[in-house]
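The following note sets out several points on the structure shown below, for consideration alongside the coordinates.

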Amino acid sequence: MRRLLYLLPVAVFGILALFFLRGLTLNPREIPSVLINRPVPVMNLAPLPGRGDTGLTTADLKGRVSLVNIYGSWCIACVQEHPYLVKIKQTGIVPIHGIDWRDDPVEGAKWLKKHGDPYDRVGVDPAPGRTAIDFGVTGAPETFIVDKDSIIRYKHIGPVTPEAWEQTLLPIIKELNK
Amino acid sequence: MIAEIGHFALILALAVALVQAVVPLVGASRGNAAWMALSGPTSAAQVLLVGISFAALTHAYVTSDFSVMNVAQNSHTDKPMLYKVAGVWGNHEGSLLLWITILAVFGGAVTLFGRNLPPGLKSRALAVQAMITVGFLLFILLTSNPFARLEPPPLNGQGLNPLLQDPGLAFHPPLLYLGYVGFSMAFSFAIAALIEGRVDAAWARWVRPWTLAAWVFLTCGIALGSWWAYYELGWGGWWYWDPVENASFMPWLAGTALLHSAVVVEKRDALKSWTILLAITAFGLSLLGTFLVRSGVITSVHAFATDPARGVFILGLLVVAIGGSFLLYAVRAPALKTGGLFAPLSREGTLLLNNVLMATGAGTVLLGTLYPLFADALNLGKVSVGPPFFNAVFLPLMVPMVLAMAVGPLMSWKRSDLAGALSRLKIAAALAVAAAIATWVWQGGSLGPWWAAGGMALAVWLFLGVLTELAERIRLFRAPFGQSLSRLAKLPRSAWGMTITHAGLAVFIAGMTASSAWKQESVQSQKIGETITVAGYAFTLKDVQNVQGPNYLASRGTFEVSKDGKPFAVMQPQKRQYKSPPMPTTEAAIETTFLGDVYAVIGDSGGDGGYVTRLYFNPLVVWMWAGTGMMVLGGLVSLTDRRHRVGAPTRARLPAHSVRA
């Protein structure tokens, strides 16, 4: 009996090690969004001043696979991802729509003039940002892949990096375009 | 060229470590003195080779040699020199190299200072130390080469994460690693003792100072990290129970338990197998921390870039080192002779209680840290475990521990009389109750949480308990005053160490309680000229200006702060935007007073002409840092005790006129 007690540490460690082995194949950062595979929320967002489009509505997302990118002129990480979004726009693979989230529309428009404008349509979602809440946005930037039937298929948290685009987003878009 | 020399030196070090891991061990079992003695020159050679390698990487950073990939990814020419050097260990590969360097230095120190160690124990311990080195050298050479070249070299590097560009954090990793790796000494000696089948007072006398030194470094390292989080992250908090913080806290708890149980081994020849187990566990938890931070199994705000191949490797290392040690323990520990017996109510008894509570505490932290992994692996969904769990489970465990801390040192070895010890603590108890009532009345019964009174009472209890013990030792008021003074002067350093460290914990508890219970904060959009009052301090936002730093742009807010109508301070928090890599940081402005920190953070412009400002009053925060400083000081004082002094005769010579306390 006493002997068994001495085996306890190695037994506990053995169980821990099995969990670690399993843990190496899991990704704790993957946060499932409750809105995946649900239709995009109903929205009717006003346009940015001076941009020339008519804003962003639910109907605009029908018919084509598209990206919806949440940004704001106050958002620092958006500056980081923005040049890459402009590049994606130039490839013409997928239309990108922007939601200027919790922002002053004038500032949001100025910011696009300064950093480049990769968007087809832009809608303004002023504070407190009801539409973004309906999307399940937790912070900016976030990017959603919406399919032809305007159903949300994927949510990317944080800046869209070249790696994330090539390894994750682009394959999903190609799959949806089939 | 220099980078290649560094790489080559690492490969040579691996060869040397392999020799050191095998030959002295075989020599010790065969009684071959020459083979055993080989552990000396090999450990010296390792210091040299690993030192060359570390110097080579440092050279690449200092000269901004961007043809080395590691430098290109983590450094930048604009970076101040301090952070170029700190950049060496501000990344996965370099920090591993630092780990190995410290490991080699500790091995060299055994050779240098361990002349009067029994040769068998010494050569076996050094062989075990070399095995750890082999594991880490293989890890760095096979998966994480810091000297990999980049062709063509970029014009400039990507820079170090700006959050890490901070003097506090520059020295945080080396101190932490000195602690982690320091526990490898206790580990190596524990394994050597298991192989020999003997643990005695001489073993404990050797292990204690090394464990104490590691503990001092680890305490410093954790405190520095915590201090950094407090002033840099701008949330006004200092501990978040983040997995990486926990990874450093668990070895600390196990190491603290080890320090105390090793005392029992040395003085009373008891608790041997438990002490061995703690020595393995303390280092095992250090390794586990390394695994958690670098494998990606747990999400944390400050994990290294992760790579599954590395994770598999460290897991393998963990299984061999810790699984193997526990297995050896299961086989050999039952044969260890149990020494002195003691009654539950004795100093040994209270030290054992402290050990059990510390170990349980470490266990709960481990459970909370790994719970998200367990849940995910068992398909119970993604969960996160936050401060509420730890505060609810860990802190209650520490209450009986602190209560016992005042009593334990007043008890005698072997068998003691609890009533006698408690009767000496009457004043401490009375004042602790008074402190609780005073706190309760002061916070009006409802202003603060109920536990604040308990926390303050514990702090008073412990502090006065420590003073009571000191007074007992010098027979204050019971012997003539002059005699007490001369006793005070002759107290051994280790006694002073304990007194200072325990008193430091009391000060820390007071600071922790106050800063958690009575923190006041106000978050708002504040316009220029607007005044917000927090805890009696009136913050007027005078202006917000753009300022240029060496590698960042910042908007700097200027607050004029007054208290009771009198000017108190001008505070200038910043919001910085670093250029490489592009990342924002907040630089809080903090004015420290004895009673609390006045803390201001400026955020983004809110769009309506105002700025998001966070203003805090954090009571007694400086007490926490002071308390931690006392703990570190106590450890250092204790290290200078002549009985610990390396190279001193194994039996301390007592001065002829000294009286045994």
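**Points on chain B**

1. In this predicted model, chain B holds an open sheet of four strands, ordered β1-β10-β9-β8 and paired in the antiparallel sense. The edges are taken by β1 (520-527) and β8 (589-593) of chain B; each has a single partner strand, so one side of each lacks a neighbour in the sheet. From one strand to the next, the twist averages 15°.

2. At one of these edges, β8(B) pairs with β9(B) (residues 596-605) over five bridges, in the antiparallel sense. Within this pairing, T592(B) stands opposite D597(B) of β9(B).

3. The domain assignment divides chain B into domain 1 (1-161), domain 2 (166-362), domain 3 (391-518 + 625-639) and domain 4 (520-622). The centres of domain 1 and domain 4 of chain B, taken over C-alpha atoms, are separated by 43 Å. Seven residues of domain 1 of chain B are nevertheless in contact with five residues of domain 4 of chain B. On the domain 1 side, the touching residues comprise one nonpolar, four polar and two charged residues.

4. S346(B) deserves separate mention: this residue lies in the loop between α13 (308-332) and α14 (347-377) of chain B. S346(B) counts as buried because 22 other C-beta atoms lie within 10 Å, the threshold being 20 or more.

5. Beyond its neighbours within four places in sequence, S346(B) is in contact with M411(B), S412(B), W413(B), K414(B), R415(B) and S416(B). Of these, S412(B) is 66 residues from S346(B) in sequence, with a C-alpha to C-alpha separation of 5.9 Å.

Definitions and conventions. Residues are numbered from 1 along each chain as its sequence is written. Chains are lettered from A and ligands numbered from 1 in the order in which they are written. This is a predicted model: local features need pLDDT of at least 70, side-chain atom pairs count only at pLDDT 80 or more; totals for chains, interfaces and linings use all residues. Helices (H or I, at least four residues) and strands (E, at least two) are DSSP runs, numbered from the N terminus. A residue is buried if 20 or more other C-beta atoms lie within 10 Å of its own, exposed if 12 or fewer, and partly exposed in between; C-beta atoms are placed from the backbone. Two residues are in contact if their C-beta atoms, placed from the backbone, lie within 7 Å. Two strands pair if DSSP finds at least two bridges between them. Axes are lines fitted to C-alpha atoms, for helices over the stretch in contact, and angles run from 0 to 180 degrees between N-to-C directions. Domain bounds come from an automatic or database domain assignment. Ala, Val, Leu, Ile, Met, Phe, Trp, Tyr, Cys and Pro count as nonpolar, Asp, Glu, Lys and Arg as charged, and the others, Gly among them, as polar.
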